[in-house]
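This report describes a protein model together with its nucleic acid partner. Please consult the sequence and the coordinates alongside the text.

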Amino acid sequence: MDNAEVAEVLQEIGTLLEIQGENPFKCRAYYNAARTIETLAENISRLVEEKRLGEIEGIGEALQTKITTLVETSHLPYLDELKASIPAGLPDLLKIPGLGPKKVKAFHLELKISSLEELENACKDGRIAQLKGFGEKTAQNILDGIEQIKSFQGQHLYSDAIDRAEEIASLLRQHPDVIRVSVAGSLRRSKEVIKDIDILASAKDSTDIMNAFCSMDGATKVLSHGTTKSSVLLEGGLQCDLRVVQDSQYPYALHHFTGSKEHNVAMRQLAISKRMKMSEWGLFQRPALEDEGDGNLIPCTDEADIFDQLGLEFIPPELRENLGEIEAAKEHHLPKLVEWSQLRGCFHNHTTETDGRSTFDEMVQCAEDLGFEYFGLSDHSRSSTWVNGLSIERLLKQVEQIRKHNTKGGDCHIFTGVECDILKDGSLDYPDEILAQLDYVVASVHSITGMTEDEMTRRIIRAIENPHVTMLGHMTGRLLLKRDAYPVNVQKIITAAAKTGTWIELNSNPLRLDMDWRHWKTAKEKGVKCVINPDAHHYSQIGYVRLGINIARKGWLEKKDVINTLPFVEIKKALLDKRKKMNR
DNA sequence: GCCGTTTTCGGCCCGACTGTTTTCAGTCG
């Protein structure tokens, strides 16, 4: 059993205990242990083997015993007992925003509710509203929540699917009958949320490949098994489709199955205008007369040939959304998209001083290992008490620690910063004279998100009008497939950021990817700089910036648009200029 | 459940918001 699996079991125990009404601190002990183990650098089975579990903070005797049993037998009787005592559908109810263990327990005790469906019915027929302590509004909120959950069903995060997809593609690549393989579909286009994994392969004969695909490890159910298309369900409910074509058809099929649908439609229209016909099977010269069949195939060896035949520059998969890419490709004006290797550092990172799980030294070491020229530390500000936000004294102490670290030299310069809460009225969480002592400030909203769009927009704009604010963190607060963005007028904020010279963050946490890629083209046109940040709470998360790069590419961003592609000397100047511009 | 120069019990994160009821419990971040 690996760390992630152990963590999952502990997490599940925590949830079940909460529903049982256990001591909240006991539940938290399980959650904390799960989080610690999930992000542990060492292999958990090794720690068990060497009897070193007790060295981990937050894992006492009881947890040591349970984890040992779990690792040694891949099984935990305690979990079985817990599960048996609670209806299987109850934990699902906790996913509804606004519902915690107490309410879920009340529904079960008072109304014998034990599934989403039963809860939905109870809301609709008025039983929830009649319950003591509940009312019409609660019932409606629950119904809205259930609706939201339903809309998220069958969708998956890009980050949850991409590794699995690459694994399957590489497995297929090893098959002797396979000629070419690629991940296609929305994954290839770097969409933040996807419905399924699409893989395309070419081969002379597909029979054996399809057999191997349908019986591979991790395929829990075969949905269809044919010679050109097969589908399986993977663990976790993700569907994976494999299409196999002749190698001569591969470029056309790859373009077709990469999509998007909207891009394909526009491409086919373009083909028609050039007396051609385009489909998943090929690009054809249209015959003079309609009844002369498909016409002659225009041979293409790869996707670039197809674009070339249509008089277009090669369009990178990320841009294929029919949002102007075809027009730009016609004029050879496509952006030269930013690349991972061009990133020189990043700014939004946490340490154990607040809610990070890696120490200052661990974070810095990882930044150096990644080859960064600079790295910014920005722990939470004092209002964020639930994550042990920094008092002024602790903040200044951290600044001192960083300055001292930098005097040692080293390849990676550490910038002093803070992730400063934007308070309800748009003011910041520290006085200006404190903020002035930092190299930079990330301003973010973390609380009181139930405002109107107007109020929230004004609040954020007021915050970025403070000359000490360098960048705006996770603009909309969304958590993909979990929580919608709070209402905010993105266009107005982009305009304000352009005016004040404030950088906008592209938060690379796989759940956030905020600001959304759909807005970056506008931001870029208005001259707003993007800063790609990992929002790392553990050193292993600094690498999230790679995902951020994918999204930046999807947002048409080039090297010049992403400020943290600047080398150290220039970024240092940019940080100073930012303040100067505002103080002018 | 964990932890301990408060050392074997008692504290562990707390302020704001929501929906309810009319003073507060539950949830969230």
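The paragraphs below treat the overall fold, the surface near the DNA and one residue of the interior.

**Overall fold**

The model is predicted. Chain A contains 25 helices and 17 strands. Its C-alpha atoms occupy a box of roughly 80 × 65 × 55 Å along the principal axes. The radius of gyration of chain A is 27 Å, which agrees with a compact globule, because a globule of 584 residues would have a value near 25 Å.

Of the 584 residues in chain A, 51% are buried. Contacts that link distant parts of the sequence are well represented: among those between residues at least 6 apart, 66% join residues at least 24 apart. The accessible surface of chain A amounts to about 27300 Å², and carbon and sulfur atoms contribute 49% of this area.

**The surface near DNA strand B**

DNA strand B is surrounded by 36 residues, and the closest are Gly60, Gly100, Gly135, Trp386 and Arg483. Of the atoms of DNA strand B that come within 4 Å of the protein, 69% belong to sugar and phosphate. By residue class, this surface comprises 13 nonpolar, 12 polar and 11 charged residues.

Several helices take part. Helix 2 (24-38), helix 4 (61-73), helix 7 (101-111) and helix 10 (136-152) each provide at least two residues of the surface near DNA strand B. The greatest contribution comes from helix 2, with 5 residues.

The table lists polar contacts to phosphate oxygens of DNA strand B.

| Residue | Polar atom of the residue | Distance to a phosphate oxygen of DNA strand B |
|---|---|---|
| Gly100 | backbone | 2.5 Å |
| Lys103 | backbone | 3.1 Å |
| Arg483 | side chain | 2.7 Å |

Gly100 and Lys103 thus approach the phosphate oxygens through polar backbone atoms, whereas Arg483 uses a polar side-chain atom. Gly100 and Arg483 also appear among the closest residues to DNA strand B.

**A residue of the interior: Ala523**

Ala523 belongs to helix 23, which spans residues 520-525. Is Ala523 buried or exposed? Ala523 counts as buried because its relative accessibility is 0%, and the limit for a buried residue is under 20%.

Which residues are in contact with Ala523, leaving aside its neighbours within four places in sequence? They are Ile494, Met515 and Val528. Thr220, by comparison, is separated from Ala523 by 303 residues in sequence and by 44 Å in space, C-alpha to C-alpha.

Notes. Residues are numbered from 1 along each chain as its sequence is written. Chains are lettered from A and ligands numbered from 1 in the order in which they are written. This is a predicted model: local features need pLDDT of at least 70, side-chain atom pairs count only at pLDDT 80 or more; totals for chains, interfaces and linings use all residues. Side-chain values use heavy atoms; hydrogens and water are left out. A residue is near a molecule or strand if one of its heavy atoms lies within 4 Å of it. A polar contact is a pair of N or O atoms within 3.5 Å; within protein, one must be able to donate a hydrogen and the other to accept it, and residues adjacent in sequence count only if both atoms are side-chain atoms. Helices (H or I, at least four residues) and strands (E, at least two) are DSSP runs, numbered from the N terminus. Ala, Val, Leu, Ile, Met, Phe, Trp, Tyr, Cys and Pro count as nonpolar, Asp, Glu, Lys and Arg as charged, and the others, Gly among them, as polar. The radius of gyration is taken over C-alpha atoms; the globule rule is 2.2 Å times the number of residues to the power 0.38. Buried means under 20% relative accessible area, exposed over 50%, partly exposed in between (1.4 Å probe, protein chains only). Contact means heavy atoms within 4.5 Å. Accessible areas come from the Shrake-Rupley method with a 1.4 Å probe; for residues, only the protein chains shown count as cover.
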